[in-house]
Amino acid sequence: HPPITQWPIKKDLQNKEGCIVVWERPGKDIPWGEYYASIDPVAEGKTTTSDSLCSIYIYRMPTHVKRYTEHGVENFIEGDKIVAAWCGRFDDINLTHKRLRLMLEWYNAQAVVENNVSLFIQYMIKERKQRYLVPKNQILFLKEIQANKTVFQDYGWRNTGTLFKTHLLSYLIEFLKEVVEEDIDDFGNIKKKYYGIRRIPDPMVLKEMLGYGQENVDRLVALTALIAFVRIQLSNLERPTRVENDVEENLENSQKMIKLNKSMFRNVGTGSMKHSSQKSRSPFKRLH
């Protein structure tokens, strides 16, 4: 199925599955803490009375990369970005939950979940996959404003009162306005600035931003909670580190090539067998 590109969708739309959209696939041996996710779940499966969709965004943290090459060690920071998303719902809510779980496992990502609807959290506990859920006491934007004190839930955050509008949205707005890159001329003058909105590749959530206050904004809720969470994480924790070894990779590839060169057919057609010291045996010696 193609991604859902209508907003708001028709409540009686027959197929609301959508599809996963990936802008960057996860690498190998993903360190814990390199990816985070945010989920705005749904309360039921098939419905013809709601235009609500399940939304998930997966985000790659700015990562310190230490790369070993033939010329020495390179250290650099890979910028943050949205790497994958899904917005949709299955008629069977268990399939919706399974898709969310598989995405978290694929990226080895912990998720901030809106727990106004707790079915997905219960599903993850049942599957013994709680490690992919961010506990409530680690969601620092709740601690900042002392929110959700009366919510007795181990995981996720509850969208109550004006929490989203008056607090979380400010993190997203600053994220969009942040200068992430500049074009500079030969004299050191800034020719052009590039802003954080470039890090959001999903046009549908931009559409929801423009229409905020008019319709259901499932994507916007998921993205805003994600940005608020990771921005505070970055100010309190060190960046995740990934080590890459191009030297070993090149050595491994060269060894594979050596093995390929040692072919069992290497003497075919070369005529080298005639120089052998052993006397050749005729396959017809027993026929006479």
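Helices and strands are runs assigned by DSSP, a helix having at least four residues and a strand at least two, and they are numbered from the N terminus. With that in mind, D29 can be placed in the loop between strands β1 and β2. The model shown in these views is predicted.

**View 1. The loop between β1 and β2 holds D29, a residue with a positive phi**. Most residues other than glycine have a negative phi. The phi of D29, which is not a glycine, is near 50°. D29 counts as exposed because its relative accessibility is 75%, and exposed means over 50%.

**View 2. The segment before β1 contains P8, which follows a cis peptide bond**. Most peptide bonds are trans. The bond from W7 to P8, however, is cis, and its omega is near -10°.

**View 3. Helix α1 runs from residue 93 to residue 107**. Its 15 residues reach 22 Å from the first C-alpha to the last, which is close to the 21 Å expected at 1.5 Å a residue. Ahead of the helix, D92 caps the N-terminal end, with a side-chain oxygen 3.0 Å from the backbone nitrogen of N94. Just after α1 comes N108, with a positive phi of about 50°, and this residue lies in the loop between α1 and β7. N108 is buried, because its relative accessible area is 16% and the limit for buried is under 20%.

**View 4. One face of α1 is lined by buried residues.** The residues of α1 that are buried are I93, T96, H97, L100, R101, M103, L104 and Y107. Seen down the axis of α1, these residues fall within an arc of 160°, so they line one face of the helix. They pack against the strands β1 (21-22), β2 (35-40), β3 (54-60), β6 (81-88) and β7 (110-113), and also against helix α2 (119-126).

**View 5. H97 gives a closer look at one residue of helix α1**. Is H97 buried or exposed? Its relative accessible area is 5%, so H97 is buried. If residues up to four places away in sequence are not counted, H97 touches L119, F120 and Y123.

**View 6. Helix α2 also has a buried face.** The residues F120, I121, Y123 and M124 of α2 are buried. Because these residues fall within an arc of 160° when seen down the axis of α2, they line one face of the helix. Among the elements that cover the buried residues of α2 are β2, α1 and β7. Following α2 is R128, whose phi is positive and near 60°.

**View 7. Y36 and F229 are one of the seven aromatic pairs found in a search of the whole structure**. A pair of aromatic rings is described by the distance of the centres and the angle of the planes. For Y36 and F229 the distance is 5.2 Å centre to centre and the angle between the planes is 70°, an edge-to-face arrangement. Since Y36 lies in strand β2 and F229 in helix α6 (residues 218-236), the pair ties together parts that are 193 residues apart in sequence. Y36 counts as buried at 9% relative accessibility, and F229 counts as buried at 2%.

**View 8. Aromatic rings also take part in a cluster and in contacts with a charge**. Ring pairs link Y35, W106 and Y107 into a cluster. Elsewhere, the charged end of R131 sits over the ring of W32, 4.4 Å from the ring centre. The charged end of R131 also sits over the ring of Y132, where the distance to the centre is 5.0 Å.

**View 9. E70 lies in the loop between β4 (63-69) and β5 (72-78)**. E70 is exposed, with a relative accessible area of 63%. How far apart in space are E70 and N245? Although 175 residues separate them in sequence, E70 and N245 are 9.5 Å apart from C-alpha to C-alpha.

**View 10. The whole protein chain sets the close-ups in context.** The secondary structure of the chain comes to seven helices and 10 strands. Of its 288 residues, 41% are buried. Among contacts in the chain with a separation of 6 or more, 63% are between residues 24 or more positions apart.

Key
Residues numbered from 1 in each chain as written. Predicted model: local features only at pLDDT ≥ 70, side-chain atom pairs only at ≥ 80, totals over all residues. Heavy atoms only, no water. Expected span 1.5 Å × (residues − 1). Buried < 20%, exposed > 50% of the residue type's maximum accessible area, 1.4 Å probe, protein only. Arc of directions from axis to C-beta. Contact = heavy atoms within 4.5 Å. Polar contact = N/O pair within 3.5 Å; in protein donor to acceptor, adjacent residues only side chain to side chain. Phe/Tyr/Trp six-rings, centres within 6.5 Å; stacked < 30°, edge-to-face > 60°. Lys NZ or Arg CZ within 6 Å of the ring centre and 35° of its normal.
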